[in-house]
Every structure is written in structure tokens, then in C-alpha cells.
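Here is a short guided tour to read alongside the model. Keep the 3D view open as you go.

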Amino acid sequence: MTNRVAPLSCVKSKRAQRCRAGDMYISPLFQKMMAYAESLKPKQLILWAKYGLLRPDDKEFRDE
């Protein structure tokens with residue numbers, strides 16, 4: 001069994017309110033990257049410059 005990871009880079013367009021890390025980015029590019037990563041069924045990790053590596057289900061993030 002292999003452990004696959006799909007790292008996703010952060011993008012500029014973000015939500016203003018608190019939300020899950022996977023819902024923070026609203027650009028079409030990020031949405032497409034997330035959909036593709038989910039289709040591969042690996043563990044998805046978001047590389048956020050401010051918080052480091054996050055899982056999409058990590059909660060209560062807001063860009064301040």
C-alpha cells in the first residue's frame with residue numbers, strides 16, 4: 001500500500017469569514033486543483049504560507 005499525498009498551493013483569492021481550510025480559497029484554479037486531487041483519492045494537503053501544511057477539514061481559518 002502506498003501513501004499518496006496531493007499537495008495544493010494556496011492562491012490569492014480567499015474568503016473573508018472563518019471556514020474550513022479546504023473552503024478558504026475561492027479561485028477557479030484552486031477549485032479545479034482540489035477537484036482533481038480529490039478524484040485521485042490521496043490525502044490532500046494545502047500549503048498555506050501563513051499556517052504551513054493544512055488538511056482540507058482543518059477548521060476556523062481566516063486570512064487576517
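## Overall layout

Starting at the N terminus, the elements of the protein chain follow the order β-α-α-β-β. That gives two helices and three strands in the protein chain. Please bear in mind that this is a predicted model.

Of the 64 residues in the protein chain, 33% are buried. Among contacts between residues at least 6 apart in sequence, 51% join residues at least 24 apart.

## Helix 2 and its two sides

Let us turn to helix 2, which covers residues 28-40 and has 13 residues. From its first C-alpha to its last, helix 2 reaches 19 Å, close to the 18 Å expected at 1.5 Å a residue. Just after helix 2 comes K41, with a positive phi near 65°.

Which residues of helix 2 are buried? They are F30, M34 and A37. Viewed down the axis of helix 2, these buried residues fall within an arc of 65°, so they line one face of the helix. On the other side of helix 2, the exposed residues are P28, L29, K32 and Y36.

What covers the buried residues of helix 2? The cover includes strand 1 (5-9), helix 1 (21-24) and strand 2 (43-48).

## The nonpolar core

The largest nonpolar core has 13 residues. Those with the most contacts inside this core are L8, M24, Y25, F30, M34, I46 and W48. Strand 1, helix 1, helix 2 and strand 2 each supply at least two residues of the core, and the largest share, three residues, comes from helix 2.

I46 is a good place to look around. Leaving aside its neighbours within four places in sequence, I46 is in contact with L8, A21, G22, Y25, F30, M34, G52, L53, L54 and P56. Among these partners, L8, Y25, F30 and M34 also appear in the list of core residues with the most contacts inside the core.

## An aromatic pair

How many aromatic pairs does a search of the whole structure find? It finds one. Y25 and F30 form this pair, which is tilted, with 5.0 Å centre to centre and 50° between the planes.

Y25 is buried, with a relative accessible area of 0%. F30 is buried as well, and its relative accessible area is 0%.

## A6 in strand 1

Now move to A6, which lies in strand 1. Is A6 buried or exposed? A6 counts as buried, at 11% relative accessibility.

A6 and K43 are 37 residues apart along the chain, with their C-alpha atoms separated by 6.1 Å. Leaving aside its neighbours within four places in sequence, A6 is in contact with A37, P42, K43, Q44 and L45. One of these contacts, A37, is among the buried residues of helix 2.

## The cysteines

A disulfide is a covalent bond between the sulfur atoms of two cysteines. How many disulfides does the structure hold? The structure holds zero.

As for the surroundings of C10 and C19, C10 is partly exposed, with a relative accessible area of 30%. C19, at 12% relative accessibility, counts as buried.

Methods: Residues numbered from 1 in each chain as written. Predicted model: local features only at pLDDT ≥ 70, side-chain atom pairs only at ≥ 80, totals over all residues. Heavy atoms only, no water. Helix = DSSP H or I, 4+ residues; strand = E, 2+ residues; numbered from the N terminus. Expected span 1.5 Å × (residues − 1). Buried < 20%, exposed > 50% of the residue type's maximum accessible area, 1.4 Å probe, protein only. Arc of directions from axis to C-beta. Contact = heavy atoms within 4.5 Å. Disulfide = S-S within 2.5 Å. Phe/Tyr/Trp six-rings, centres within 6.5 Å; stacked < 30°, edge-to-face > 60°. Core = buried A, V, L, I, M, F, W, Y, C linked by side-chain atoms within 4.5 Å.
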